[in-house]
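Me: I am new to this structure and should like to understand the terms used to describe it. Please take me through them one by one.

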Amino acid sequence: MVAAASTEGSPLRILGVSKSFPAPGNDAIHNLALDATTLSMTAGELVSVIGPSGCGKSTLLRLIAGLDFPDSGELWVGDDPITGPSAERGLVFQDPNLFPWLTVSRNIQAGLVARGLLQKKRPEVGEFMRLVGLEAFANAYPHHLSGGMAQRVALARALINHPKVLLLDEPLGALDAFTRMRMQDEVLRLWQARRTTMLLVTHDIDEAIYMGDRIVIMTPHPGRIERTIAVTLDRPRQRNSQAFLRLRGEILELLHLAGSAGRNPVGGMSSHIRQDEDTSGIKPDMPGTSQPEISPPASVVSGVAEP
Ligand code: ADP
Ligand code: MG
C-alpha cells in the first residue's frame with residue numbers, strides 16, 4: 001500500500017526572484033514578468049496562487065520547475081538550490097498531456113521508464129492507480145477517459161516520482177464546474193495522503209480558498225506578489241459559510257482594486273483583513289515565511305490603469 005506519509009514534501013524558498021522577457025516584437029525592451037518575488041513555503045504546505053493572466057504565475061512555476069532561470073534571486077528546495085529540472089519537482093498543467101498511444105498504466109509509469117526505475121518501482125504503479133481510483137482503467141487509452149480521469153492520471157504520473165514539491169498550473173481549469181469540485185476534493189485527498197508541498201495556480205477564487213493553507217495574490221506589470229493571506233478556516237471547508245464568503249468578497253475586491261485605476265488603495269484592505277482576523281478565519285501571512293509587508297502596487301496608488 002501507499003503509506004500515508006507524514007510529509008514527502010520539502011520547504012520551498014523563493015528569494016528575491018526577478019525574471020524579464022523581451023517585449024513582443026522589440027528585443028531591445030524587456031518586460032518584468034516577475035519582480036523581486038519572495039515566497040517561503042513550509043514542508044507539506046498547500047499554497048494557492050491567484051491573479052490575472054500575465055501576472056507571472058506560470059513563469060514562477062517554470063522557475064521552480066527548473067525549466068527556466070531567473071535574472072536574479074535564488075530558489076531552494078530544502079537545502080538544495082534549484083539548478084534545473086528534477087523529478088523531485090512535479091508539474092501538472094491544465095492539459096494533462098498524456099501520451100495518447102499509451103494506456104493509463106503505461107502513462108503513469110512513463111517517468112519511471114525514462115529514469116530506468118520501472119523494475120524497482122513496478123509495484124507502485126498499481127498503488128498509485130488505486131490512489132487516484134483508476135485501477136479499473138489500467139488498460140484504457142486516454143481517449144476513453146473523461147477530463148477528470150485524464151487529470152487524475154496526470155496527478156498519479158507526477159506523484160509516483162514522490163515529488164518534494166508538486167506544482168499545479170491551473171490543473172482543473174478545463175473541467176466543468178461539478179467535475180472541478182470533485183477533483184478539488186481529489187487533489188486535497190492526495191495532498192493529505194502524501195503531504196507533498198503543493199503550489200496551486202488557479203483563476204478561481206473559490207478554489208483558491210477551498211484548497212489553500214495560504215493564498216498568494218499576484219498582480220501584473222510587473223508581476224509581483226501583492227499579498228499573502230493565511231486561510232484558517234477548518235477543513236473540509238464549507239463553500240457557503242459566512243467566513244468563506246467574506247474572504248471571497250475581500251479577495252475579489254483586492255483583485256478588482258489591483259486592476260483598477262487608483263480608486264481605493266489596496267493598502268486599505270490590509271487593516272480590514274486584520275480586523276476580521278478573529279472571526280473570519282483570515283489572518284495576515286504567517287510570520288517568518290512571508291513577503292515583507294507589501295505596499296500597494298504602483299498601478300493602484302499612482303492611478304496607472306492596466307491595459
Ligand atoms: P500567467 O501564467 O500569470 O498568465 P505568465 O507567467 O505566463 O503569466 O507570463 C507573465 C508575462 O511574461 C506575460 O507578460 C507573458 O507575455 C510574458 N512571458 C512569459 N513567458 C514568456 C516567454 N517565454 N517569452 C516572452 N514573454 C514571456
Ligand atoms: Mg499561466
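Me: What do β9 and β10 form, and how many residues lie between them?

Reply: In this predicted model, β9 and β10 form a hairpin with four residues between them. His221 in the turn has a positive phi of about 60°.

Me: How do you know that β9 and β10 pair, and in which sense?

Reply: Two strands pair if DSSP finds at least two bridges between them. β9 and β10 (residues 224–231) are joined over six bridges, in the antiparallel sense, and therefore count as paired. Within this pairing, Met218 stands opposite Ile225 in β10.

Me: Which way does strand β3 run with β9, and what makes them a pair?

Reply: β3 (residues 46–50) and β9 run parallel and share four bridges, so the requirement of at least two is met. Val49 stands opposite Val216 in β9.

Me: Why is β9 called mostly covered?

Reply: A residue is buried if 20 or more other C-beta atoms lie within 10 Å of its own. In β9 (residues 214–219), six of the six residues are buried. Side chains in a regular strand alternate between the two faces of the sheet. Arg214, Val216 and Met218 are buried on one side of β9, and Ile215, Ile217 and Thr219 on the other, so that both faces are covered.

Me: What makes a set of residues a nonpolar core, and how many residues has the largest?

Reply: Such a core consists of buried residues of nonpolar kinds, joined through C-beta atoms within 7 Å. The largest has 70 residues, and Ile215 of β9 is one of those with the most contacts inside it, as is Leu199. The largest share of this core, eight residues, comes from helix α4 (residues 147–159).

Me: Which residues does Leu199 touch?

Reply: Leaving aside residues up to four places away in sequence, Leu199 touches Met41, Val47, Val49, Leu61, Val165, Leu167 and Leu168.

Me: Against what do the buried residues of α2 pack?

Reply: They pack against α3 (118–131) and α4. The buried residues of α2 (residues 104–114) include Val104, Ile108 and Leu112. Gly116, with a positive phi near 70°, follows α2.

Me: What classes of residue make up the shell around ligand 1?

Reply: The shell has three nonpolar, eight polar and one charged residues. Gly counts as polar and Lys as charged; among the residues around ligand 1 are Gly51, Gly54, Gly56 and Lys57.

Me: Which element gives the most to that shell?

Reply: α1 does, with three residues. Both β2 (26–41) and α1 (57–65) supply at least two.

How values were computed. Residues are numbered from 1 along each chain as its sequence is written. Chains are lettered from A and ligands numbered from 1 in the order in which they are written. This is a predicted model: local features need pLDDT of at least 70, side-chain atom pairs count only at pLDDT 80 or more; totals for chains, interfaces and linings use all residues. A residue is near a molecule or strand if its C-beta atom, placed from the backbone, lies within 6 Å of it. A residue is buried if 20 or more other C-beta atoms lie within 10 Å of its own, exposed if 12 or fewer, and partly exposed in between; C-beta atoms are placed from the backbone. Two residues are in contact if their C-beta atoms, placed from the backbone, lie within 7 Å.
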